[in-house]
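Student: Could you take me through one part of this fold up close, the sheet and what surrounds it? I'd like a connected story rather than a list.

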Amino acid sequence: MALITASGVSKEYRTEEVTVHALRELHFEIEPASFVSFVGPSGSGKTTLLNLLGCLDKPTAGTLSVAGTEVAALNRKESAAFRGKHLGFIFQDFNMISVLTVYENIEYPLIMVQNVAPRERRERIARMLAAVGMADQGGKYPHQISGGQKQRVAIARALVTNPALVLADEPTANLDSQTAYAVIGLMKKMRDEMGTTFIFSTHDTKIVGEAEVLFRLVDGRLAEKEVKGGTTHA
Ligand SMILES: Nc1ncnc2c1ncn2[C@@H]1O[C@H](COP(=O)(O)OP(=O)(O)O)[C@@H](O)[C@H]1O
Ligand SMILES: [Mg+2]
């Protein structure tokens, strides 16, 4: 079964003066353990779509199933519970909590959204720190590490709750291109090891080649789907 099924998904933002058609009747499926990118220029609808997939906003039309749940039907409380159980998030500006250490930043979602006992917490955090190559950096504060290291910590933080799906909105926008490749490569390695589906958005046409499934967004429409080895026009 597909991990994600979008059927006729549209999103409009209405203000008094105008209606913005941010997404127009998207149809797509994403299989478990995929490594997927949505690519498109600024304003093409990437953030809007990731917000829908992340249960942070609702479509104005269509149905969207994530991990077997029709997410448009969830209320606010159910959405929060769903996010905590099934989803991880990685952000363009890292979203580290500056007064917490690297270790504590990774621990945070375990305390907040999943009631994990202290010993199990310590084991999981140590495993994640090692997996992202930050085993000896747990005691540092965010201002003491580089942007690339922050994004490694963010990957560990997103995965420590063992979600089915990690959503990363322009995760490499604030990184130089060499670091960007390394971060995408680490996400792919973690997908290989944990079977977690990763979806990242980008406007950077260089790093999209790393995706195994690539959707091109143009003005809120899915213009094209590329699967490694072939292209189909949507
Ligand atoms: N909260 C909002 N209210 C009104 N318009 C919005 C809002 N968020 C995004 N938009 C508009 O929706 C379109 C898609 O935006 P967005 O999803 O942020 O694209 P991207 O992430 O690809 O840059 C743009 O035209 C943008 O101006
Ligand atoms: Mg955006």
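Tutor: Sure. Let's begin with an open sheet of 4 strands, which run in the order 2-1-4-5 with antiparallel pairing. Keep in mind that this is a predicted model. The edges of the sheet are strand 2 (19-30) and strand 5 (69-70), each of which pairs on one side only. Helix 1 packs on this sheet and touches strand 1, strand 2 and strand 4; its direction makes about 55° with that of strand 2.

Look next at how strand 1 and strand 2 go together: they pair in the antiparallel sense over 8 bridges. If you want a spot to click on, A6 sits opposite F28 in strand 2.

Strand 1 also brings us to a charged pair. K11 makes a salt bridge with D57, and their closest N and O atoms are 3.2 Å apart. The two partners come from distant parts of the chain: K11 belongs to strand 1 (residues 4-14), while D57 is in the loop between helix 1 (46-53) and strand 4 (61-66), 46 residues apart. Is each end buried or exposed? K11 counts as buried because its relative accessible area is 7%, under the 20% cut-off. D57, in contrast, is partly exposed at 30%.

That bridge is one of 12 salt bridges in the whole structure, so let's visit some others. The side chains of R191 and D192 meet in one, at 2.9 Å from N to O. R191 has a second salt bridge, to E212, at 2.8 Å. Here R191 is in helix 6 (residues 177-194) and E212 is in the loop between strand 8 (197-202) and strand 9 (213-218), so this pair ties together parts that are 21 residues apart in sequence. Through shared partners, R191, D192 and E212 are joined into one network. How exposed are its members? R191 is buried, with 8% relative accessible area, D192 is exposed at 54%, and E212 is partly exposed at 27%.

From the loop that holds E212, you can step back into strand 8, where S201 lies. S201 is buried, with a relative accessible area of 0%. What does its side chain meet in there? A polar contact of 2.6 Å joins it to the side chain of D169. A polar atom of the S201 side chain also lies 2.9 Å from the backbone nitrogen of E170. Leaving aside neighbours within four places in sequence, the residues in contact with S201 include F38, K46 and L50, as well as A168 and P171.

Going the other way from E212's loop takes you into strand 9. Strand 9 and strand 3 (residues 35-39) pair in the parallel sense over 4 bridges, and V36 stands opposite V213 in strand 9. Strand 9 also pairs with strand 10 (residues 221-227), this time in the antiparallel sense and over 6 bridges. There, R216 is opposite E224 in strand 10. The hairpin of strand 9 and strand 10 has 2 residues between the strands, and D219 takes a positive phi near 50° in it.

Terms used
Residues numbered from 1 in each chain as written. Chains lettered and ligands numbered in written order. Predicted model: local features only at pLDDT ≥ 70, side-chain atom pairs only at ≥ 80, totals over all residues. Heavy atoms only, no water. Salt bridge = Lys/Arg side-chain N within 4 Å of Asp/Glu carboxyl O. Buried < 20%, exposed > 50% of the residue type's maximum accessible area, 1.4 Å probe, protein only. Polar contact = N/O pair within 3.5 Å; in protein donor to acceptor, adjacent residues only side chain to side chain. Contact = heavy atoms within 4.5 Å. Pairing = 2+ DSSP bridges. Axes fitted to C-alpha atoms, helices over the stretch in contact; angles between N-to-C directions.
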